Every structure is written in structure tokens, then in C-alpha cells.
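Please look through the sequence and the model below before reading on. The report then takes up cysteines, backbone angles, a core and a pocket in turn.

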Amino acid sequence: EMSEMSERSKQNVAHGLAWSYYIGYLKIVLPRLKKSMEEFSRANPNLPACRKTWKLHILVPLSCDVCDDLEKVDSNIHYVTDLTETILARGGIKKRVYKHSLYAITDEENQLWHCAVEFATPLQTLYAMSQDECAAFSREERLEQAKLFYRTLEEILKGSKECADAYRLIAYEEPEEAESHFLSREIVWHLRQEHHEIAVPERSRPHSPSTALDSAELNLQISVSDLPQPLRTDGF
């Protein structure tokens, strides 16, 4: 009965996507990220290195509008190179390749910031479902699912020792009126926070720009009772 209720409200969609993203991707790549960044830094001593920003910056647009080319979205974002590949046998695929792209981002003072950044690709599934009649997924449901995806992923990563200090989630709502450098400003704001902040709990960090949403705000918008609950309580 609980499973049917969850399916009717589509609560299981974002929950499953977040776990799949973590198990099938982030848990594999994040523990290796700092080593890749260190190798790149040694090979490129001319570029400034700030170890506090040696993380995978994961963009979570609540609109679920994921683009494939960051440079086309914002001209202040420039592709530099790919970091060292991780090659593994996975699900019958030999030598499966995992890699991240490094970008140089120009701020309003023409200073360059280098970081690994990419979108949370499962959001593409939520967006596609909202466009497919078979999924019967409304725009409002998509927004709620995007928030739930963020919250679920945040909680999963907080409990992961392997991924500690190797990521930063950047959730945001795009402005109603198009801004050509909105995305680069969002990313640079987070890079500046990482550059200056001392290690403090996530919920104690300063509030992000008005266009971004931190976990506290998302907690207010989705009650705990709305989250999918386990069907059994015996630990299995």
C-alpha cells in the first residue's frame, strides 16, 4: 500500500535517481578526484592552485534544464581540458571511461577561476519525463522532484566517507529574465566561498546568492513526511 502511494505521488522517482547517481557515478569518481586535480596542478604549475576548490562542482538547476555545452550558456565559462581518466570494467563494459572537464571561469574583475564543473545529469531524466505524455509528469511535479533529488543527494553524500570534501552541490533557480553571465557568477560565488571558508558544517555556511537555494531553504519547501519511506523497518 505504501509503495502504491509512493508511485502515485511519484516520490520514488527523484529518490531513485539520486541513489543511482551516487552509486553508479559519484561513489566511483569522487574518491579519485583530488588525485586527478593534483596531477593536473603538477603538470601546469603556471596555473594558480587552490586546494580548497579541488572538488567536483555539481550544478543542480531546479528547472532541470541541463545543457550539454557550458560555453554556449555563458561566454565567461571556457573549457580548458579533461582531467585524468578513470578506466574501469563496469557492468560488462570493459575499459569504461569516467572523466571530468576542467573550466576557466572569468569573474566580473576579469580574474580567472579554474574548477571541475558539470551538471547533475539525472535531472535530464526529470525534464524528459515532464515532456513525455506517458510519464504524466507536470511542471510543478518536476520542480518538487528536483528539490527532492537535491535533498536526497545531499543527505547521501553527507553520509559518504569516500566522497567527503570532494564535491560541492550548487542548487539554483534561474532568473525569470535571461542573464548572459548568471551561471558563471553562481559558480564563482561558490569558488570564493571555498577559497576563504574554514571547514564548517554545511548548514553553518553563509547564505548563497538570492538566485541559489541552500539546503535549509529546500528543507522548508519539502516536509520530511513527503520523503519516500522504507517499506520495512527491520533493516532489510
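In this predicted model, Cys163 has a relative accessible area of 0%, and because buried means under 20%, this cysteine counts as buried. Cys64 is buried as well, since its relative accessibility of 1% also falls under the 20% limit. A disulfide is a covalent bond between the sulfur atoms of two cysteines. How many disulfides does the structure hold? The structure holds zero.

Cys64 also deserves attention for its backbone. Most residues other than glycine have a negative phi. Cys64, although it is not a glycine, has a positive phi of about 65°, and Asp165 likewise is a residue other than glycine with a positive phi, near 60°. The table sets the two residues side by side.

| Residue | Phi | Loop between | Relative accessible area |
|---|---|---|---|
| Cys64 | about 65° | strand 1 (56–61) and helix 3 (70–73) | 1%, buried |
| Asp165 | near 60° | helix 5 (139–158) and strand 7 (167–172) | 48%, partly exposed |

Asp165 is called partly exposed because its 48% lies between the limits of 20% and 50%.

The next topic is the nonpolar interior. The largest nonpolar core has 57 residues, and among these Leu26, Leu30 and Phe149 touch the most other members. Two or more residues of this core come from each of helix 2, strand 1, strand 5, strand 6, helix 4 (122–131), helix 5, strand 7 and helix 6 (182–196). Helix 2 gives the largest share, with 14 residues. What is Phe149 in contact with, once its neighbours within four places in sequence are left aside? Phe149 is then in contact with Ala14, Leu17, Ala18, Tyr21, Val60, Ala120, Pro122 and Leu123.

The last topic is the largest pocket, which holds about 500 Å³ of space. This pocket is lined by 21 residues, of which Tyr25, Lys99, Glu118, Phe119 and Thr121 are the closest to its centre. At least two lining residues are supplied by each of helix 2 (11–43), strand 4 (93–98), strand 5 (101–106) and strand 6 (112–119). Sorted by class, the lining of the largest pocket consists of 10 nonpolar, five polar and six charged residues. Helix 2 therefore appears in both accounts, as it gives 14 residues to the largest nonpolar core and supplies at least two residues to the lining of the largest pocket.

Notes
Residues numbered from 1 in each chain as written. Predicted model: local features only at pLDDT ≥ 70, side-chain atom pairs only at ≥ 80, totals over all residues. Heavy atoms only, no water. Disulfide = S-S within 2.5 Å. Buried < 20%, exposed > 50% of the residue type's maximum accessible area, 1.4 Å probe, protein only. Helix = DSSP H or I, 4+ residues; strand = E, 2+ residues; numbered from the N terminus. 1 Å grid on protein atoms, 1.4 Å probe; cavity = no way out; pocket = protein on both sides within 12 Å on 5 of 7 lines; lining within 4 Å. Points joined across faces, edges and corners; volume = space filled by probe spheres on them. Nonpolar A, V, L, I, M, F, W, Y, C, P; charged D, E, K, R; others polar. Core = buried A, V, L, I, M, F, W, Y, C linked by side-chain atoms within 4.5 Å. Contact = heavy atoms within 4.5 Å.
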